[in-house]
Amino acid sequence: MKSYKFKLYKTKKQRKLHNKIRVAGRIYNHIIALQKRYYRLHGKYIPKYTMTKHIAKIRRRRFPKWGIVGSQAIQNIVFRIDFGYQKFFHKENKRPPTFRKSAKFKSFTLTQAGWALGDGYVRIGKDKFKFSKSREIQGVPKQMHVKRDALGDFYIIVVTDFVEPQKGITTTSKMAGFDFGLKVFLTSSDFADIEAPLFFSKNADKIKKASQELSRKKKGSKNRSKARKSLARAYKRTSNQRADWQWKTAAMLVQKYDYLFFEDLNLTGMKSLWGRKVSDLSFNSFMSKLEQQAMKHGSVVQKIDRWSPSSKACSVCGCINTSLKLRDREWTCQDCNTHHDRDRNASYNIFTAGASAAGLGDIRPALQAIAV
């Protein structure tokens, strides 16, 4: 599967898309209300196919205006909520899906029907919208997402069945373990560290100023709308900078290494300790991009168990330092008297555990040679 993202040209006709998303938000909240009531009474949720039949029935009888969204989009909303409840009941999420403001609802999805692609335009329902076709679409389009950002700009994301061939298997014969950190983004077992960019911190002054300007404006005024867009623009710039850096860094790593080993981190727990800084680094987003790039280049991204004592274990003798605290950045092994940098030692252990899981055998001697 391959996705293509295109921006729609701004026209007055986009008011119809705003209306569709607003109605999609109302449908979403209506389904949430039904699910909450059912959960309160019976302790479980309504299955998606039962909910789909019910929504189709009340759409015909009570809410004919819901038809502007399309049956496929409504079905997708039902499935998204159902997926959220499944994760809640399997204890993957702490709370079930909840209400959203219709004005802040962002998107709807169309699958088999209700849309068609032309040369530089897309038909949604009965209306045609031009978009900036920055590249040719490969494969057969299977799904389309219509998305609105905080600035009010519309994008379409087209998903096709095209499978991109590998660019050629990486043959550098290099491998490394990487420890994720807050000051150094990735500490590498071969000393090729990558510094943390922290784009939110760099743009914090602009974001703060835009936020202060917004708070001074009268609610409902045109100036407040302008200030809100100015703040959204500052956040979007930060997000774009981060995504651009992550794609380039991911491409560089998979071209340099055959095998890359990482720890499966508990980022939710890390956010409770360090908050915004963890979100600024966006490690999950980076890993997603890295795995996509690895598939293209033939590299292997291997994760080790999050409960592995990567920081506390001595990478030379394997002794576990149970007294190691978060504030300790360096420590000395009591058994072999080796002095360790906390993050570097963790990268060695991630390298060893990852290589073992990938079936590459014992690489501890090679690690000791690198350390020397």
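**Before the views.** A pocket is an open set of points on a 1 Å grid over the protein atoms alone, with protein on both sides within 12 Å along at least five of seven lines; its lining residues have an atom within 4 Å of a point. A volume is the space filled by probe spheres set on the points, which are joined across faces, edges and corners. You are looking at a predicted model, in which local features need pLDDT of at least 70 and side-chain atom pairs count only at pLDDT 80 or more, while totals for chains, interfaces and linings use all residues. Residues are numbered from 1 along each chain as its sequence is written, and side-chain values use heavy atoms, leaving out hydrogens and water.

**View 1. The whole chain, to get your bearings.** The chain has 11 helices and 14 strands, which are DSSP runs numbered from the N terminus (helices: H or I, at least four residues; strands: E, at least two). Its C-alpha trace spans about 75 × 45 × 45 Å along the principal axes. Of the 372 residues, 40% count as buried (under 20% relative accessible area; exposed is over 50%, partly exposed in between; 1.4 Å probe, protein chains only). Among the contacts (heavy atoms within 4.5 Å) with a separation of 6 or more, 66% are between residues 24 or more positions apart. The chain exposes about 21800 Å², and carbon and sulfur atoms supply 51% of that area.

**View 2. The largest pocket and the elements around it.** Start with Lys-5, Lys-147, Tyr-155, Ile-157 and Ser-239, which lie nearest the centre of this pocket, out of 47 lining residues. The volume here is about 2100 Å³. Try tracing the elements that each give at least two residues to the lining: the strands β1 (2-7), β6 (141-148) and β7 (154-160), and the helices α1 (14-42), α6 (222-256) and α9 (283-297). Helix α6 gives the most, with 13 residues. By type, the lining holds 18 nonpolar, 12 polar and 17 charged residues (Ala, Val, Leu, Ile, Met, Phe, Trp, Tyr, Cys and Pro count as nonpolar; Asp, Glu, Lys and Arg as charged; the others, Gly among them, as polar).

**View 3. The second largest pocket.** This pocket has a volume of about 940 Å³. Look for Met-270, Trp-274, Ser-311, Leu-326 and Arg-342, the residues nearest its centre among the 28 that line it. β8 (175-180), α7 (267-274) and α10 (342-357) each supply at least two lining residues, and α7 gives the most, with four. The lining divides into 11 nonpolar, six polar and 11 charged residues.

**View 4. The nonpolar cores.** Nonpolar side chains tend to be buried together in soluble globular proteins. A nonpolar core is a set of buried Ala, Val, Leu, Ile, Met, Phe, Trp, Tyr and Cys residues joined through side-chain atoms within 4.5 Å. The largest one has 37 residues, and Ile-55, Ile-124, Met-144 and Ile-156 have the most contacts inside it. The elements supplying at least two residues each are β1, α1, α2 (48-61), α3 (71-89), β2 (107-110), β4 (121-124), β6 and β7. Helix α1 provides the largest share, nine residues. A second, separate core of 27 residues includes Phe-185, Tyr-257, Phe-262 and Met-287.

**View 5. Zooming in on Ile-124.** Which residues does Ile-124 touch, not counting those up to four places away in sequence? They are Leu-17, Lys-20, Phe-108, Leu-110, Gly-114, Phe-129, Met-144 and Val-146.

**View 6. The largest cavity.** A cavity is a set of grid points where a 1.4 Å probe fits but cannot get out. Just one cavity of 30 Å³ or more is counted, and the largest holds about 40 Å³ of space. Phe-178, Asp-179, Phe-180, Phe-262, Glu-263, Leu-265 and Phe-283 line this space. Two or more of the lining residues come from each of β8 and β11 (259-263), with β8 giving the most, three residues. The lining has five nonpolar residues, no polar ones and two charged ones.

**View 7. Two residues with positive phi.** Most residues other than glycine have a negative phi. Lys-91, however, has a phi near 65 degrees. You will find Lys-91 in the loop between α3 and β2, and Lys-91 counts as exposed because its relative accessibility is 74%. Phe-191 also has a positive phi, about 70 degrees, although it is not a glycine. Phe-191 sits in the loop between β9 (184-188) and β10 (194-195). With a relative accessible area of 44%, Phe-191 is partly exposed.

Note on methods:
Areas by Shrake-Rupley, 256 points an atom, 1.4 Å probe, with all protein chains shown as cover.
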